[in-house]
Amino acid sequence: MFLRKLVVIFVPLLLAGLLCVAFPLILQLQLGFWTNVLMGGLLGVSLGLLLSLSGLSKRREPFAGLLWVPLVVLAAIVGMQGFEVMSAQGPMVLVESAFIGYMLVAVIRTKK
C-alpha cells in the first residue's frame, strides 16, 4: 500500500521532470513548426501515460476506441498548418499536438 502511494506521488513528478529536461533540448534543435508539434506530442503522450503509470486508472471505456476520429481530424489540421507555416500559431499547434498525443495513447491503451 505504501509503495503504491509512493508510485502515485513520484511518477507524475518524474514525467514532469523529464518534460522539463526534454523541452529545452527540443527548442535547441530549431525545427521551426515541428518544434511545437514535437513538444505538444510529447506533452500529450506523457499526459496519456500519467494515469496508467501511476496506477490510478484501471478502468476501460467502451467508446474510447472512437477517439481515432478526432485524432485523425486534428492530425489533418496540424498537417495543413504545416504546409502553411505562416498561418500556424505556435501555442495553438502545441495544444493541438498535445490532444493528438493524449488521444493516441488513450486509443492504444483501450484497444481490445
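## Starting with a loop

Where is the place of Q30 in the chain? Look at the loop between α1 (2-29) and α2, and there you'll find Q30. Keep in mind as you look around that this is a predicted model.

Q30 has a little quirk: its phi is positive, at about 50 degrees, although Q30 is not a glycine. Is Q30 buried or exposed? Q30 has a relative accessibility of 69%, and the cut-off for exposed is over 50%, so Q30 counts as exposed.

## The overall plan

Now zoom out to the whole chain. It has four helices and zero strands, so if you read along the sequence you get the pattern α-α-α-α. How much of the chain counts as buried? Of its 112 residues, the share is 30%.

## A nonpolar patch on the surface

Next, turn to the surface. Which residues make the nonpolar patch of about 460 Å²? They are L29, L31, W34, L38 and L42. Helix α2, which covers residues 33-54, gives the patch its largest share, with three residues.

W34 is one of the patch residues, and W34 sits in helix α2. The relative accessibility of W34 is 48%, which falls between the 20% and 50% cut-offs, so W34 counts as partly exposed.

## Two neighbours in space

Some residues are far apart along the chain, so try finding these pairs in the model. V37 is also part of helix α2. Is V37 buried or exposed? With a relative accessibility of 18%, under the 20% cut-off, V37 counts as buried. V37 and I100 are 63 residues apart along the chain, yet their C-alpha atoms are separated by 9.6 Å.

The second pair starts in helix α4, where V95 lies. V95 has a relative accessible area of 45%, so V95 is partly exposed. Its partner here is G44: the two are 51 residues apart in sequence, with 8.6 Å between them in space, C-alpha to C-alpha.

## How α3 and α4 cross

Let's finish with a pair of helices. Two packed helices are described by the angle between their axes and the distance between the axes. Here the pair is helix α3 (residues 68-83) and helix α4 (residues 90-109). Their axes come within 9 Å and cross at roughly 150 degrees. Angles over 145 degrees count as roughly antiparallel, so α3 is roughly antiparallel to α4.

Which hand does the crossing of α3 and α4 have? The crossing is left-handed.

Key: Residues numbered from 1 in each chain as written. Predicted model: local features only at pLDDT ≥ 70, side-chain atom pairs only at ≥ 80, totals over all residues. Heavy atoms only, no water. Patch = residues over 30% accessible without salt bridge, like charges linked within 9 Å, V, L, I, M, F, W, Y side chains within 5 Å. Areas by Shrake-Rupley, 256 points an atom, 1.4 Å probe, with all protein chains shown as cover. Salt bridge = Lys/Arg side-chain N within 4 Å of Asp/Glu carboxyl O. Helix = DSSP H or I, 4+ residues; strand = E, 2+ residues; numbered from the N terminus. Buried < 20%, exposed > 50% of the residue type's maximum accessible area, 1.4 Å probe, protein only. Axes fitted to C-alpha atoms, helices over the stretch in contact; angles between N-to-C directions. Parallel < 35°, antiparallel > 145°, perpendicular 65-115°, else oblique. Left-handed = near helix turned anticlockwise from the far one by under 90°.
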